[in-house]
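Here are a few exercises on how helices and strands pack in one protein model. Have the coordinates open and try each task before reading its solution.

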Amino acid sequence: MRAIIAGGTGFIGQQLVRELKEHGWEIVVLSRNPGKVADAFGAGVIGMPWNNGWSSLLGPETTVVNLAGENIAGGRWSAAKKRRILDSRVRAGQQILRTIRQSGKTPYALIQASAVGYYGPCGSSPIDEYANNGTGFLAEVTRAWEASTAELESMGVRRCILRTGMVLGHGGALKKMLLPFKLYMGGSPGTGFQGMSWIHMADQVGAIRFLMENPETSGPYNLTAPGPVSAEKFAHTLGTILERPYKAPVPPFALRLLFGEMADEILLSGQFALPERLIKAGYVFRFPELADALLDILK
Ligand code: NDP
């Protein structure tokens with residue numbers, strides 16, 4: 001079994017490479033800078049540029065995983081940054097589609113990254129994969145991102161879409177949340193009523209491998225723990241584990257001042273997304289509860 005992972009050098013990709021290697025997969029990482037692949041993983045993981053070489057590796061024993069895209073949380077959303085967030089994702093998908101089409105070979109599957117932002121800001125009712133595409137910038141980005149590889153389905157390729165919540169691990173969003181708590185200034189963004197759909201990194205990569213290896217799976221999957229919480233509950237749980245009490249909600253104007261549009265799209269709104277289809281398919285979560293997930297990472 002061979003995996004070609006676009007964006008395999010990233011926060012999720014690096015852990016996915018480790019998970020797959022442990023389970024006997026041969027790994028090729030597509031990168032804008034293939035030289036850094038050997039530095040990150042050592043010998044045994046091959047780095048390749050996007051524009052040549054990898055189409056000869058396609059075939060029924062190869063699964064392509066597309067995780068590539070400009071980091072969403074890295075800096076304020078200027079018009080140029082928003083363009084990069086959208087274009088980098090759509091271009092990566094289109095390049096994968098083009099390469100597979102031109103190769104004339106059908107891969108075992110395509111695993112396409114996306115995010116729970118697909119559903120847009122939702123109220124307090126839990127949602128599953130049958131909920132509609134919402135409104136807002138991230139809902140637009142994820143719609144275009146998912147659509148960029150959709151044609152593969154009509155070519156007979158099994159395609160699984162990863163509508164991922166906030167991934168909790170050593171790095172990523174959690175790392176950014178720790179500082180205010182450590183300074184005894186931790187609190188929820190705004191009212192704290194908004195949903196926070198999260199997933200432990202072990203389940204993120206475990207679920208991706210499950211979808212890669214399970215030929216019965218296809219379509220959208222919420223990669224979120226079965227216990228999504230409100231932002232307020234998240235902040236209280238984090239404060240308890242860090243032994244730093246929850247201080248006070250952070251007012252929306254302060255978040256807007258610091259983060260601009262990103263504050264409304266990511267921090268002040270959210271979803272209670274349930275992994276309905278993943279559970280039905282038979283995936284068993286290692287960390288279904290938030291406190292256990294945070295304890296595992298932080299202690
Ligand atoms: P990262 O930002 O860590 O890494 C993604 C990879 O994409 C990078 O390693 C890089 O690979 C490549 N990349 C970065 N910028 C660009 C660009 N402008 N053009 C093309 N490629 C680029 O992402 P994560 O690992 O955190 O996430 C993987 C995917 O899952 C992302 O697309 C993300 O939006 C999505 N996701 C992540 C969540 C999270 O909590 N982490 C939550 C929901 C969705 P290289 O430099 O080697 O080319």
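**Exercise 1.** In this predicted model, find which residues of α3 meet which residues of α4, and sort the contact by class.

*Solution.* Start on the α3 side: Lys 82, Ile 85, Leu 86, Arg 89 and Val 90 make the contact. Across from them, α4 offers Phe 137, Val 141, Ala 144 and Trp 145. Now sort by class: the contact holds seven nonpolar and two charged residues, with no polar ones.

**Exercise 2.** Work out how the axes of α3 and α4 are arranged, and give the hand of their crossing.

*Solution.* Take α3 as residues 79-103 and α4 as residues 137-147. Their axes are 8 Å apart, and the packing angle is about 20°. Angles under 35 degrees count as roughly parallel, so α3 is roughly parallel to α4. As for the hand, α3 and α4 cross in the right-handed sense.

**Exercise 3.** Write down the strand order of the seven-stranded open sheet, and say which strands stand at its edges.

*Solution.* The order reads β3-β2-β1-β4-β5-β6-β10, and the pairing is parallel. The edge positions belong to β3 (45-48) and β10 (219-223). Each of these has a single partner strand, so one side of each lacks a neighbour in the sheet. On average, neighbouring strands are turned by 20° against each other, direction ignored.

Next, zoom in on one pair. β4 (residues 62-66) and β5 (residues 109-115) pair in the parallel sense over four bridges. Within this pair, Thr 63 has Ala 109 of β5 as its bridge partner. Helix α3 comes back here: α3 packs on the sheet and touches β1 (2-6), β4 and β5. The direction of α3 makes about 160° with that of β4.

**Exercise 4.** Repeat the helix analysis for α1 and α7: what are the angle, the axis distance and the hand of the crossing?

*Solution.* Helix α1 spans residues 11-22 and α7 spans residues 201-213. They pack at about 60°, with axes 9 Å apart. That angle makes α1 oblique to α7. Their crossing is right-handed.

For the contact itself, α1 contributes Phe 11, Ile 12, Gln 15, Leu 16, Glu 19 and Leu 20. From α7 come Met 201, Gln 204, Val 205, Gly 206, Ile 208, Arg 209 and Met 212. Sorted by class, the contact of α1 with α7 has eight nonpolar, three polar and two charged residues.

Terms used
Residues numbered from 1 in each chain as written. Predicted model: local features only at pLDDT ≥ 70, side-chain atom pairs only at ≥ 80, totals over all residues. Heavy atoms only, no water. Axes fitted to C-alpha atoms, helices over the stretch in contact; angles between N-to-C directions. Helix = DSSP H or I, 4+ residues; strand = E, 2+ residues; numbered from the N terminus. Parallel < 35°, antiparallel > 145°, perpendicular 65-115°, else oblique. Left-handed = near helix turned anticlockwise from the far one by under 90°. Contact = heavy atoms within 4.5 Å. Nonpolar A, V, L, I, M, F, W, Y, C, P; charged D, E, K, R; others polar. Pairing = 2+ DSSP bridges.
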